[in-house]
Amino acid sequence: MDIIYLSSSCSDKKFNELREKGITRKLPQAQKYHNLLMEGLASCIDGKLVSISAFPVNRQWTKQIKFKREEEVYGNIHYVYDSFINMNVLRQITRQKRAQKEIKRLYRENKDCAIVCDVLNQSIAKAARKMGKKYKIPVIGIVTDVPGYMSGARRKTLSFVNRMISKFGEKRAQANVSKYDAYLLLTEQMNAVVNAKNKPYIVIEGHCDSKMATRPNIIDNKTSPKIIMYAGGVHREFGIRRMVDAFLKANIQGWQLHIYGDGNCEKELTALSNEKENIKYFGTKPNSVIVEKQLEATLLVNPRLTDAEYVKYSFPSKTMECMVSGTPLLTTKLPGMPKEYHQYVYLFEDESEDGMCETFKSVLDKTALEYHEKGNTAKQFVLQNKSNVIQAQKLLDFISKLMKKG
């Protein structure tokens with residue numbers, strides 16, 4: 001069986017090339033999520049995996065209008081970067097048409113195939129649905145976020161035009177999300193709002209990089225002063241500013257808070273970084289840098305607030321990335337996080353500023369050995385149960401059963 005995988009992800013080599021040229025500026029979370037899953041699938045299937053990539057680009061980032069078709073073999077994955085015209089409406093149309101042609105070609109090469117696609121990428125998702133229906137190829141939609149559940153606070157930070165584009169895109173995605181043959185969901189709660197027609201689905205909350213098994217987390221490599229590290233979107237509604245204020249209120253000596261990412265708190269964090277010696281804001285960095293910094297930190301943190309409705313429908317990929325680093329993670333009790341994770345992380349039981357402050361005082365008072373043991377226990381848990389290879393095999397088993405029934 002072959003897998004045709006449609007997403008915005010490209011090879012790491014291509015992604016770094018695009019970022020260096022300024023052609024794409026997207027954060028690498030989606031890039032890493034899909035690439036790791038593809039790597040896992042490619043290592044498990046008895047056929048080939050072809051990635052049809054619509055890498056993120058727009059006219060704001062580059063004036064280049066025509067992009068030529070390219071192919072690349074990277075590891076066990078065959079990437080196809082189709083030609084397209086980089087102009088607002090034409091970009092979507094040309095990418096959809098080209099993706100349809102690629103699926104047609106691949107189907108003719110091997111009719112024993114399945115399509116896996118990112119439902120949030122409208123142009124290629126439409127191509128996947130259309131060609132899947134035409135050739136009776138099962139289409140499995142990956143839902144990493146439920147369309148229509150962007151927080152209102154985050155939407156307000158967008159320009160008027162981008163707000164309208166965002167709303168229109170979400171309505172289209174909401175209308176189309178029920179049109180797949182099966183689903184890969186990150187949380188069980190997603191099923192009620194995504195799967196109106198009760199199609200087959202599998203819940204796989206995420207995956208970690210199996211290659212991290214060869215990257216030891218060593219106490220002697222930790223920095224001094226000790227570092228708490230956050231990497232991800234720096235949006236106020238994610239609890240970033242509350243976490244910073246709680247850390248400052250705790251006033252614990254010998255610790256610094258390092259923050260990476262972009263979002264609507266950038267200006268505030270930049271100002272605080274200039275004002276406070278124990279707050280450092282570094283903006284966005286390549287994922288390879290983030291991984292190295294996670295190994296040097298003493299504690300990783302995710303302050304994502306859990307009172308918003310959309311939080312039930314997400315499982316941040318950074319959770320897996322943090323746990324597999326071997327550096328312990330302090331996180332809120334995310335509704336989509338299975339309880340089996342709780343024993344492997346430190347938890348914010350109270351998400352108020354005072355509650356976070358008290359948690360910091362408690363957690364930041366442990367020994368280096370305690371942190372080391374906590375982090376490595378978490379690392380072994382995700383490597384043994386949640387690696388990209390293990391999770392990919394679960395998905396393949398699901399697809400195989402789906403094709404037999406079909």
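Reader: Which residues does Thr-94 touch, leaving out residues up to four places away in sequence?
Author: Keep in mind that this is a predicted model. Thr-94 sits in helix H3. Once residues up to four places away in sequence are set aside, its contacts are Ser-83, Phe-84 and Ile-85.

Reader: Is Thr-94 buried or exposed?
Author: The cut-off for buried is under 20% relative accessible area. Thr-94 comes in at 17%, so the label that fits is buried.

Reader: Which backbone nitrogen does the side chain of Thr-94 reach?
Author: Two backbone atoms matter for this side chain. One is an oxygen: that of Leu-90 lies 2.6 Å from a polar atom of the Thr-94 side chain. The nitrogen is reached at 3.2 Å, and it belongs to Ile-85.

Reader: What is the area of the nonpolar surface patch that Leu-90 helps make?
Author: Leu-90 is in helix H3 too, and at 38% relative accessibility it counts as partly exposed. Its partners in the patch are Ile-65, Met-87, Val-89 and Ile-93. Together the patch covers about 410 Å².

Reader: How many residues apart are Glu-102 and Arg-69, which form a salt bridge?
Author: Their closest N and O atoms are 2.7 Å apart. Glu-102 belongs to helix H3 (residues 88-109), while Arg-69 is in the loop between strand S3 (66-67) and strand S4 (70-74). The pair links distant parts of the chain, and the separation is 33 residues.

Reader: Glu-102 or Arg-69: which one is buried?
Author: Buried means under 20% relative accessible area. Arg-69 has 31%, so it is partly exposed. Glu-102 has just 3%, so the buried one is Glu-102.

Reader: Where does Arg-105 lie, given that it forms a salt bridge with Glu-102?
Author: The closest N and O atoms of Arg-105 and Glu-102 are 2.7 Å apart. The two residues are 3 apart in sequence, about one turn of the helix. In an α-helix there are 3.6 residues a turn, so residues three or four places apart point the same way. The helix that holds both Arg-105 and Glu-102 is H3.

Reader: Which residues are linked with Glu-102 in a network of salt bridges?
Author: We've already met two of its partners: Arg-69 and Arg-105. The network goes further, and the residues linked with Glu-102 are Lys-48, Arg-69, Glu-71, Asp-82, Arg-98, Arg-105 and Glu-109.

Reader: How many salt bridges does the structure hold?
Author: Here's another one, between Glu-275 and Lys-276, with closest N and O atoms 3.8 Å apart. That fits the cut-off, because a salt bridge needs its atoms within 4 Å. In this pair Glu-275 is exposed at 57%, whereas Lys-276 is partly exposed at 31%. For the structure, the count is 25.

Reader: What distance does helix H2 reach from its first C-alpha to its last?
Author: H2 runs over residues 29-44, which is 16 residues. At 1.5 Å a residue, 22 Å would be expected. The model comes close to that, with 23 Å.

Reader: Which backbone oxygen does the side chain of Lys-222 reach?
Author: Lys-222 is in the loop between strand S10 (201-203) and strand S11 (226-231), and is partly exposed at 22%. Its contacts include Gln-294, Leu-295 and Glu-296. The C-alpha atoms of Lys-222 and Leu-295 are 7.5 Å apart, although 73 residues separate them along the chain. At 2.8 Å, the side chain of Lys-222 reaches the backbone oxygen of Leu-295.

How values were computed. Residues are numbered from 1 along each chain as its sequence is written. This is a predicted model: local features need pLDDT of at least 70, side-chain atom pairs count only at pLDDT 80 or more; totals for chains, interfaces and linings use all residues. Side-chain values use heavy atoms; hydrogens and water are left out. A salt bridge is a side-chain nitrogen of Lys or Arg within 4 Å of a carboxyl oxygen of Asp or Glu. Helices (H or I, at least four residues) and strands (E, at least two) are DSSP runs, numbered from the N terminus. Buried means under 20% relative accessible area, exposed over 50%, partly exposed in between (1.4 Å probe, protein chains only). A polar contact is a pair of N or O atoms within 3.5 Å; within protein, one must be able to donate a hydrogen and the other to accept it, and residues adjacent in sequence count only if both atoms are side-chain atoms. Contact means heavy atoms within 4.5 Å. Patches are made of residues with over 30% relative accessible area and no salt bridge: like charges are joined within 9 Å, nonpolar side chains (Val, Leu, Ile, Met, Phe, Trp, Tyr) within 5 Å. Accessible areas come from the Shrake-Rupley method with a 1.4 Å probe; for residues, only the protein chains shown count as cover. The expected span of a helix is 1.5 Å times one less than its number of residues.
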